[in-house]
Amino acid sequence: MSERTLSGTGVTPLSGVGTVVWYDQDVELDEPPAPEDVDTAAEQARFENAVATAREELQTERERTAEKVGESEAEIFDAHLQFLNDPQITDAVEESIDEGLPAEHATREGFQQGIEQLAAAGGRMAERTDDLRDIRDRLVRILADAERIDLSALPEGTVLLAEMLTPSDTAQLDPETVAGFATAEGGRTSHAAIFARSIGIPAVVGVGDDLLGVEADETVVVDGEAGDVIVDPSAETRERASERRDVEIRSDRVETADGKEIEVAANVGTLAELEGAVAQGADAIGLFRTEFLFLDREAPPDEDEQVDTYVEALDAFPEGRVVVRTLDVGGDKPIPYIEADEEDNPFLGMRGIRRSLGPDAELFETQIRALLRAGAVGDGDLAVMFPLVATVGEVEQALDVVEDVAGDLESEGVDYAMPELGVMIETPAAVFVGDALAERLDFFSIGTNDLAQYVMAASRQNEHVADLHDPSDPAVLRAIDRAVEAAHDGDIWIGMCGEMAGDPDLTELLIGLGLDELSMSAVTIPDVKANVVDVSTADARTLAETALRAATKDEVRAALSEET
Amino acid sequence: MMERTVTIVPEAGLHARPASKFVETANQFEAELQIATEDEEPVNARSMLGVSSLGVEHGEEVRLIADGDDAEAALDALEKVLTTPESEYDE
């Protein structure tokens, strides 16, 4: 038997191996008895009791989710509670019981009408059918007295498989015993994915129907980095996956063995991830992506909603910095209220700061207003950076917008604070004019994923050129070195917020290159912090110089492996 | 039986938070409460399903129908929900 790989979307850069337990909420019902054999009054009472039990369950799960995941995730249960009390649905169920159906069958029938009604309403309403299905399945399970797997007491080494997991399901998982989970549905921003990241469980979502073919008790590897579920893994694959990390989480700031402080920060893309960042010991937020505020909705968030969001992030790091990146979208991430033409080559087209200074100028101004206001309220120190900058002119225009907004707020008598202002270093152009950019800004942050893509002219998405798209290629390393030099010559700090920053094998090299801050997925923070304290900056500089002299990636690798 | 015609103020229309607030408010009264649009049959104002499937958007008119002792107070409260912008909701 050889191993079989199913592909999905990896959500945590962790792997785990374990035994499959299926989480299956579907309950098989027997054929209903003849209507005359049904005790209508007794069935009505059973239905009422089931509703009461469901309400208690939902309230408990709501509290647990609010505590462990976040208030905004918990709000989904308020909608469930409201549908549970919905007279239109309960009337339909009670009618079906009166016609002679047992309570569980009547529940299926009564909810079916509601589901069809919502589906027919289309658009946003159709999405709520999932809520109705959830409540229906809950009631049927209670009525059928079906066993539900206790997710908080899974045997050690379980890999949980499910079609999908709700926030309350994931909130029950214990990272000490659960080796990982995989779901057929869901994306990187699904509740389950966010939760997995925040507590550090290996997870793959969106595997599709292939996942349903995996049997209970099979051994699988969940590779959250590659996004793979590997069934019947070879001994080698298994061993690689089970190298459990045994690293201490430390929330204090770290410095190298010879006393250079390195800020180790987290990249986050939703508010829910802030908690995970704190839990993994992040000193700061080095990249706060704001796209989540704008995606999956019909109208842009207004200024007040944005202020609240940024203040929440700042309050999570009272002693630290929160670097917010302004809206970074392009033709590849469609948003209903943003007009973006389809482009042949979206990564070289209208995206990032180019949109903010062009078609999205109004959104940009609102976002800057919200940021300046939030900076005056939130506890932490706000920094704001612009994505995909290629020219000094773009920076000057963006800074003009910030000045104008500050002037408006001043004359309106609204409290605001000027944040640190910086840019992402993602284009070779920004590297080459780094000295001129540094004169105008407070900091740089290198986005290595895009920088590698643009330096190497190799798409991140195309597997045929994946080998070229490597941030440790000497060409990319030299670009990084040049950006660091420009920053330090201009007396500003420079960080890195690409995936490269979170690779523990590269910590020494990055310190040697002179980075002041490293920002990464929260789960890799403990490993990187543990490595920082062992680094001597002199040795690190020697390593960096060797790597910078390298002609090929292999020579870079050789230099790295000599060190360790 | 009392009736009142109201124009929807929240930007989101009668969906999501405004809908949920509306149903919540209806549940605080004893009177029989219904909501109707021009083209649709009146639905129970306490039904999230009924209210949301009306698909009422910002700027549209709806008819509120109340029958019971506290009908007037209920209409006042429901009207307030429908005419308050979402940004002014108390948390």
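## The sheet in chain B

In this predicted model, strand S2 (residues 32-36) and strand S4 (residues 61-67) of chain B run antiparallel and are joined by five bridges. To find one spot along this pairing, look for Gln34(B), which stands opposite Ile65(B) in S4(B). If you're new to sheets, here's the basic idea: strands pair through backbone hydrogen bonds, and they can do so parallel or antiparallel.

Zoom out and you'll see that these two strands belong to an open sheet of four, in the order S1-S4-S2-S3 (chain B), with antiparallel pairing. Which strands sit at the edges? They are strand S1 (2-7) and strand S3 (43-44) of chain B, each of which pairs on one side only.

## Helices of chain B

Now bring in the helices. H3(B) lies across S1, S2 and S4 of chain B, and it runs at about 10 degrees to S1(B).

H3(B) (residues 71-83) also has a helix partner: its axis and that of helix H1 (residues 16-26) of chain B come within 9 Å and cross at roughly 170 degrees. Angles over 145 degrees count as roughly antiparallel, so that is how H1(B) sits relative to H3(B). On the H1(B) side, the residues that meet H3(B) are Pro18(B), Lys21(B), Phe22(B), Thr25(B) and Ala26(B). They come up against Ala77(B), Leu78(B), Val81(B) and Leu82(B) in H3(B). Sort this contact by class and you get seven nonpolar residues, one polar and one charged. When you look at spacings like these, remember that an α-helix has 3.6 residues a turn, so residues three or four places apart point the same way.

## Where the chains touch

Chains A and B meet in a contact that takes 18 residues from chain A and 14 residues from chain B. Which helices of chain A help build its side? Helix H2 (71-84), helix H3 (87-98), helix H4 (103-121) and helix H5 (123-127) of chain A each supply at least two residues. The chain A side is a mix of eight nonpolar, four polar and six charged residues.

## A slanted helix pair in chain A

Two of those helices also pack against each other: the axes of H3(A) and H4(A) come within 8 Å and cross at roughly 135 degrees. That angle makes H3(A) oblique to H4(A), and the crossing is right-handed. From H3(A), the contact uses Gln88(A), Ile89(A), Ala92(A), Val93(A), Ser96(A) and Ile97(A). Among the H4(A) residues facing them are Ala103(A), Ala106(A), Thr107(A) and Phe111(A). By class, the contact of H3(A) with H4(A) has seven nonpolar, six polar and one charged residues.

## One strand, two partners

Over in the strands of chain A, S3(A) (residues 15-23) is worth following from end to end. With strand S7 (residues 219-223) of chain A, S3(A) runs antiparallel over five bridges, and Gly18(A) has Val220(A) as its bridge partner there. With strand S4 (residues 158-162) of chain A, S3(A) pairs in the parallel sense, again over five bridges. In that pairing, Tyr23(A) is matched with Ala162(A).

## A helix tucked inside

Is helix H21 (residues 525-532) of chain A largely enclosed or open? Seven of its eight residues are buried, so H21(A) is largely enclosed by the rest of the structure. The buried ones are Ile525(A), Pro526(A), Asp527(A), Val528(A), Lys529(A), Asn531(A) and Val532(A). What covers them includes strand S9 (254-255), strand S10 (261-268), helix H20 (507-513) and strand S17 (517-520) of chain A.

Note on methods:
Residues numbered from 1 in each chain as written. Chains lettered and ligands numbered in written order. Predicted model: local features only at pLDDT ≥ 70, side-chain atom pairs only at ≥ 80, totals over all residues. Buried ≥ 20, exposed ≤ 12 C-beta atoms within 10 Å, placed from the backbone. Contact = placed C-beta atoms within 7 Å. Nonpolar A, V, L, I, M, F, W, Y, C, P; charged D, E, K, R; others polar. Pairing = 2+ DSSP bridges. Axes fitted to C-alpha atoms, helices over the stretch in contact; angles between N-to-C directions. Parallel < 35°, antiparallel > 145°, perpendicular 65-115°, else oblique. Left-handed = near helix turned anticlockwise from the far one by under 90°.
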